[in-house]
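Visitor: I'd like a close look at a single part of this structure, please: the places where chain C meets its neighbours. Could you walk me through them slowly, as I'm new to this?

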Amino acid sequence: MKRQPLLHPGLNLGSTDEYSHDEAEPVIFGFWIFLMADLVLFAILFATYASMSVQGQAGGPSPTDVFDLPSAFIETMLLLSSSITFGMASLALKYKADRLHLVFWLVLTFCLGAGFIGMEVRDFWIMTQQGAVPQRSGFLSAFYLLVATHGIHVSAGLCWMIVMLVQLRVLGRTTEVKLRLMRLALFWHMLDIVWVCIFTFVYLFGVAL
Amino acid sequence: MFSVATTASNGFINPAGPIAEALRDHLIFIVMVMAVVIVPLFIALPWTLWRYRLRTKSGSYQPNWEFSWPLEILIWGLPAVIVVVLGWNLWHQSYELDPYKPLAAAEAPLEIQAIALDWKWVFIYPDQNVASVNEVMIVAGRPVRFRLTSGTVMQSFMIPRLGGQIYTMAGMETQMNLLASEPGQFRGLNTQYNGMGFANQKFITHAVSQADFDAWATKMSDSKPPLNQAAWALLAKPSVLAAPQSFGSVAEGLFTWVIAGFTGGHPHMKADGTDL
Amino acid sequence: MTVESSFSLLGRLTPQDISFVQTFENPVMSEFIDGAAGSVLVIGMIIVAALLTYYRGWKTLWFDWLTSVDHKKVGIMYIVVAFVMLARAIIEGVLMRYQQSIAVNDPGVLTPDHFGQLFSTHGSIMIFFMAMPFITGMINYIMPQQIGARDVSFPLLNAISLWLTAAGAALVMISLVVGKFSTGGWTAYPPYTGIEFSPGEGVDYWIWSISLTSIGSTLTGVNFATTIYKNRAPGMTLFRMPLFCWTSLCTSVLMIFAMAPLTIATLMLALDRYAGFHFFTNDLGGNMMNYANLFWLFGHPEVYILILPAFGVFSEVISTFSGKTIYGYKSLVVATMSIAVLSFTVWLHHFFTMGQGANVNAIFGIATMLIGVPTGVKVYDWLLTMVRGRIRLTTAMLFSIMFLVTFVIGGLTGVILANPPVDFAVHNSLFLVAHFHNMVIPGVLFGMIAGYQFWFPKAFGFRLAERWGKASFWCWSFGFYLTFMPLYVLGLMGAMRRTVEWFRPEYLGWLQVSFVGALLLFSGFIFLCVQLIVSVRQRDQRRVPAGDPWDGRSLEWSNSAPPPEYNFAVIPEVSGQDAFTRLKEQGKAYASPTAYDDIVVPKNSIVAPVIGVGAIALGFALVWHIWWLVALGFVTMWGAVIARSFVTETERVIPASKVRADHEAWLQQVRECATTSREQEDTSANVGRAEVLA
C-alpha cells in the first residue's frame, strides 16, 4: 500500500480510503479547532470551580462531605474503557470493510458511556437527598456546573452515537459518515481527558485538601 | 458655562488633597510623554498628504518601496522606550497611590466606616459612635481611613477632588485612604450604576478643623436619634433621601454585622484576597 | 427559587408587557418615545413586507438569499443586519445625548428606567449586533476571494452563524415591543443583574440574545480559521496573503478563544436567575468578582476582534489609494499577531478599582501599555505607506486618514487609563466613555464604512456616489469630535457615565455641544443612506463590469463585478504579494485560462433559517418562561441539524462548459473596455479596468 501523507492529527484514512482521506483534511482540522474552543470552556469552568471550592462553601457541605470517591472511580473506569472501545471502533472503521465490527464496538462504547451517565445521575440524586443541592452554596453551584456540563457533553455524544448507528444503517459507510465518526471519536476522547482532570482536580484534590 | 472647567468643577483636575493632586500631575506627565509619539503624526500626515497627492510635482513615486531598517528601528524602538519610561512610573505610582496604603502623618487617621446602600451612603464614625447619611465630616489636614462595604449591589465610592475610587461589594471590605489639604466642601458619589436612584446618590464631604469636628460629633451624640435596627431597616429600603440624616449613636458592630449578613458569619475574603 | 412551577401557555407574559399598552396606561413623554420606537419597528416591518409583495420579491428573498450558503450573500446579509441595528442604536445614542443636554437640575424627558434600558441596548446593539455583524460580513465577503478560494470551509455553518446572530438581534428588537430590556448596561454586572435586584425579564433578554450571537461568533471563528489555513490558492503562502486576511486570521483566533468566557458568564448568570444558583449572589458563597474577571476575559479580546478587521481594511484602502504596496508588511504581521496574543493578558484593566492590590494592578497596567506598541507601529506603517505614493482622496481614503488622526488621541487616553492610580480617578466617568468611543468610532466604524465604500462596487457592480460619501464623512468626523471631546472634559470634571440627571450647572454647556455633535453623527448616517439610494438609482452611470475600479492589488479585484457564484472560473496561481497587481504588470490579468473544470458548489439549505427561527423561539420562550416553547425551539434547532445529516445531495455541479461560456464572455467584455487612469477614477469613464503603468 502506498504511504499517504498525514493530513491531520489522529486517525488518517490514507491507506484504506484515499478519497475520504482528502476530504477529511479541512473537516477534521476544523473540528480540532472547535474542540480547542470547547476546552477553553472547560478550563474556565475549572478556574471558576477552583476559586469557589473553598471560599464558596458558605458553611455548607464541603467536598469530603459529599464526594463519593469509589463511585467516581468506577465512572472513571467506565469512561476510560469506553475510550478504548471507541479506539477499537475507529480501527474497525479504517481497516474493516464491513459494518459489523464497527457497530459492535460503537454499541459497547454506548453502553459504557450510558453507564457512566447513569452512575453520575445517581450520584447527583444522592447528593440532593443529603441537601447538597447547587442552590446551597457557591461551591456546589460551581461543582454541579462543571460536572454536569461534562455530563451533558457526554450525553450529547451518546445521542450522536445513536444517530451514527442509524446513519450506518441508512446511508452506509459513506465518506460523510466516516468523517462524522472520526469527529465523534475526537469528541469522545476529549471528554475522557476532561473527565480525568475532573476526577483529579475535583474529586481527589477535593478530598485530600 | 465653559470657562468654569477647572476652577469650580468637581473633578480631580481641581484637586483639594495630595492624592488627587498626584493623580492630576501623573495624567499631565503621561500626556506630555505620549506627545513624543503623537505630535510627529499630526505633523507628518498633512505633509505627506500634500507632498504625495495624485497631481503632485515634487514627491517621487516609488510604488514598491516597502521597507527601511532605520525607520523600523525608530518605529518599534521609540514606543518601546516610552513604554519603559511610563511603565517604570506606573509601577511606582501603583504602590504609592494604592488606596489601601496609609498616608504618612503625625497622628492616627480618622476612621470612618462607609456602607453603600440603594441609593444612599451611610457613614459610621466608630470612635465617635455617631453616623451620618449622605454627608461625611472629615478633618482637614488629617488622613482619613475609610473601610467600605455594600449593603446591596456593587457600588463605587469616590470623592473626586480628594482622590480616586474603590468598589464596594457586599460581604467584602475595601479601603480608601484620603486627605483633604484645606477645609472645604467636596461632592462625593457612587460611580457604579445601581438602578433608578443612581443619579441621585451623591453626598457632601465637609472638611473642617479638628475642633469643629469634635464639636459636631458631640452635638450629634447629644441630639440625634440612634442608628438601631429599626432605623437601619428604614435606611436599607431602596429610596432617595431628600436631605442628609444624622444619628447620635450606632448599634455596636453594625459595619461587621452588615458584612456578616452576607457571608453568614463564615470567612470571606477581602477584595485583595486576604481574609476578613 | 423564582421560577413558577405552574404551567401556563404564555409563561409570565401578560398584555401589560406590550409597550403600546404601557404607553396607553401611562401617557408620559418617556412612554411615548418608547411607543414611537416600537411603532417604527412594527410599521417598518409592515412596509418591508408590503414592498416585497408589491415587487414579488418573496421568492427571490427565500431562494436566492435566506437559504443561500454562499459566503458573499451571507456577508451581505450580515452587513444588512448591521445597518438596521446601527439605525436603532444611533438614535438611542442621540436620545441619550438629548436627555443629558437638558437634564441639568431637571428630570428631562426620559424616566430613569427608560434611560437605563437605552444605555444597555445602545451598548449591546452597537457591539454585538452592529460591529460584530459588520466585521463578520466584511470578512465573509472579501477574505475567501482574497485567498483565491471559492467559499469558506464550512458554508452551511457560516449560514447558521448568521442566523444565530440574526436571532439574537431579533430578540433585542422584540424587546422594544414586548417587555423591557435590561438596565444593567452591556456589561450586565451582577449582583445588580441578579434575580434579587433585577427580577424582571430585561436581563434575560440580554442573556439569551448575547448567548445566541456568541455561539454564532465562535463557530464563525472556527470557520474562518480553517478557511485561511486550508483553502488558500496554490502559491498563496501565509506571507503572500493580503493584510486583511492576516487580520481576519487573528480575529478568528480571538473569536475562538474569547467567546467561551462570555458564554460561561452568561450561563452562570442565567443559572443564578432561573435556578437559584450562587455564582454571583451576595450571599451563600457567591462571588461577583468572578463575573468581572470572566466578562472581561472575553471583553478585552472582543474589542480587538472588532478593531483588527478595521485595521485590515485600512491596510488595503491606504495601500490601494496611495497606488503603493503596503509599507512594512512583515512588521504589520508581527504587530497584528502580537496584538492578538497580548489582548488576552490585559483584561484586568477594566476593573483596576475592584481592590485587588497594587501588585496585580501594576502588572496588568504594564501589559496594557505594551499593547500600545504594536498599534503605534501600525499607525506609522500606514503613514509610510502613503509616503512616495500617489494619494487619491476617495471617501474610503478620507475615512482612513481621519482614523489615523483621531484614533491616536484615543490611544493616548488609553495609556492614561492604563495607569492604575490615574484610572481610579476616571474609571466609570465620561472620560472613559469618550475613550472607548474614540476607539470604536474612528477605529471600527470608520474602518467598516471605508470597507463598505471600497468593496461596494465589487459586490454590486457599480460605484457609490462620492459626493454623498464625502458629505457623510465630514458629518461623521465633525460629529465625532463635537460629541466626544466635551465628554473627556466632563469626565475630568467629575461627571460619571450612565447618569440620567445632573446637578452641576457647569456641565450644561459641554453637554449641549455634545448633543449637537450627536445630531451631526446621525446626519452622517443619514447621508450614508441617501448615498445608497442615490447610487442605486444612478447605478447605470457608475457601472464597473470589468471589476477593478480602483486599480486594486489583491485577487478579489481580478473577477467580475459582481463576481460569479464560484468567485473564480479557474483558481489562480499566486507568485507573490499583491497578487493581482503582479498579474496586471505581467499582462496576464485577463488572459484566457487554458482549461476549465466542472465546479462543485453547495446547494441552498433551509437548515440555517430553521435554526434561526428555532433560536428566536427558544430565546423568547426562555425570557418569558414559556417552557413548552423552550422545548419546541430546542428540538427544532437540533432536529434540523440531525435531519440535515441524513441529506446526501448537498452539492450541485456547474459544468465546465457553462463556466467557460460565462467567463469568456466576461473576458471579452473586459478586453473591449477602455482602461482608466487614476485621474478619471470618479468619472463615468471608469468601467472597472485599470490602466497599467509601464
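**Chain C and its neighbours**

Guide: Let's start with chain B, which puts 86 residues into its contact with chain C, while chain C puts in 98 residues. Keep in mind as we go that this is a predicted model. Together, chain B and chain C bury about 8300 Å² between them, and carbon and sulfur atoms account for 71% of that area. What about salt bridges here? Between chain B and chain C the count is zero. Polar contacts do turn up, though: 26 residue pairs across the interface of chain B and chain C, with both residues at pLDDT 80 or more.

So which pieces of chain B should you look for? Helix 1 (18-51), helix 2 (69-96), strand 7 (165-168) and strand 9 (184-190) of chain B each give at least two residues to the side that touches chain C. Helix 1 of chain B has the largest share of that side, with 15 residues. Sort the side of chain B that touches chain C by class and you get 55 nonpolar, 23 polar and eight charged residues.

While you have chain B on screen, here's a small detail to zoom in on. The peptide bond that runs from B:Asp118 to B:Trp119 is cis, and its omega is near -10 degrees. You'll find B:Trp119 in the loop between strand 1 (110-117) and strand 2 (120-125) of chain B.

Now swing over to chain A. Chain A has six helices and zero strands, and its pattern along the sequence reads α-α-α-α-α-α. Taken along the principal axes, the C-alpha atoms of chain A fill a box of roughly 65 × 30 × 25 Å.

How many residues does each chain bring to the contact of chain C with chain A? Chain C brings 32 residues and chain A brings 33 residues. The area buried between chain C and chain A is about 2700 Å², and 77% of it comes from carbon and sulfur atoms. Side chains of opposite charge can pair when their charged atoms come close. Across the interface of chain C and chain A there is one salt bridge. The partners are C:Lys230 and A:Glu25, and their closest N and O atoms are 2.8 Å apart. Polar contacts across the interface of chain C and chain A come to eight residue pairs, both residues being at pLDDT 80 or more.

Three helices of chain C give two or more residues to the side that touches chain A: helix 7 (202-230), helix 8 (243-275) and helix 9 (288-321). Of the side of chain C that touches chain A, helix 8 of chain C supplies the largest share, 10 residues. By class, this side of chain C has 20 nonpolar, 11 polar and one charged residues.

Stay with those helices for a moment. C:Leu284 sits in the loop between helix 8 and helix 9 of chain C. The phi of C:Leu284 is near 55 degrees, a positive value in a residue other than glycine. Helix 7 of chain C also holds C:Asp204, whose side chain meets that of C:Arg12 in a salt bridge (2.6 Å, N to O). That pair links distant parts of the chain, as C:Arg12 is in the segment before helix 1 (19-25) of chain C and the two residues are 192 apart. Over all chains, the whole structure has 23 salt bridges.

Let's finish further along chain C. Two packed helices are described by the angle between their axes and the distance between the axes. Helix 12 (residues 395-418) and helix 15 (residues 466-492) of chain C pack at an angle of about 10 degrees, and their axes are 9 Å apart. Helix 12 and helix 15 of chain C are therefore roughly parallel to each other. To see them meet, pick out residues of helix 12 including C:Leu398, C:Phe399 and C:Met402, and residues of helix 15 including C:Phe473, C:Trp476 and C:Phe480. By class, the contact of helix 12 with helix 15 of chain C has 11 nonpolar, seven polar and two charged residues.

One last stop is another cis peptide bond, from C:Ala561 to C:Pro562, with omega near -5 degrees. C:Pro562 is in the loop between helix 16 (508-537) and helix 17 (579-585) of chain C.

Technical notes: Residues are numbered from 1 along each chain as its sequence is written. Chains are lettered from A and ligands numbered from 1 in the order in which they are written. This is a predicted model: local features need pLDDT of at least 70, side-chain atom pairs count only at pLDDT 80 or more; totals for chains, interfaces and linings use all residues. Side-chain values use heavy atoms; hydrogens and water are left out. Contact means heavy atoms within 4.5 Å. Buried area is the accessible area (1.4 Å probe) that two parts lose on being put together, summed over both. A salt bridge is a side-chain nitrogen of Lys or Arg within 4 Å of a carboxyl oxygen of Asp or Glu. A polar contact is a pair of N or O atoms within 3.5 Å; within protein, one must be able to donate a hydrogen and the other to accept it, and residues adjacent in sequence count only if both atoms are side-chain atoms. Helices (H or I, at least four residues) and strands (E, at least two) are DSSP runs, numbered from the N terminus. Ala, Val, Leu, Ile, Met, Phe, Trp, Tyr, Cys and Pro count as nonpolar, Asp, Glu, Lys and Arg as charged, and the others, Gly among them, as polar. Axes are lines fitted to C-alpha atoms, for helices over the stretch in contact, and angles run from 0 to 180 degrees between N-to-C directions. Angles under 35 degrees count as roughly parallel, over 145 as roughly antiparallel, 65 to 115 as roughly perpendicular and the rest as oblique.
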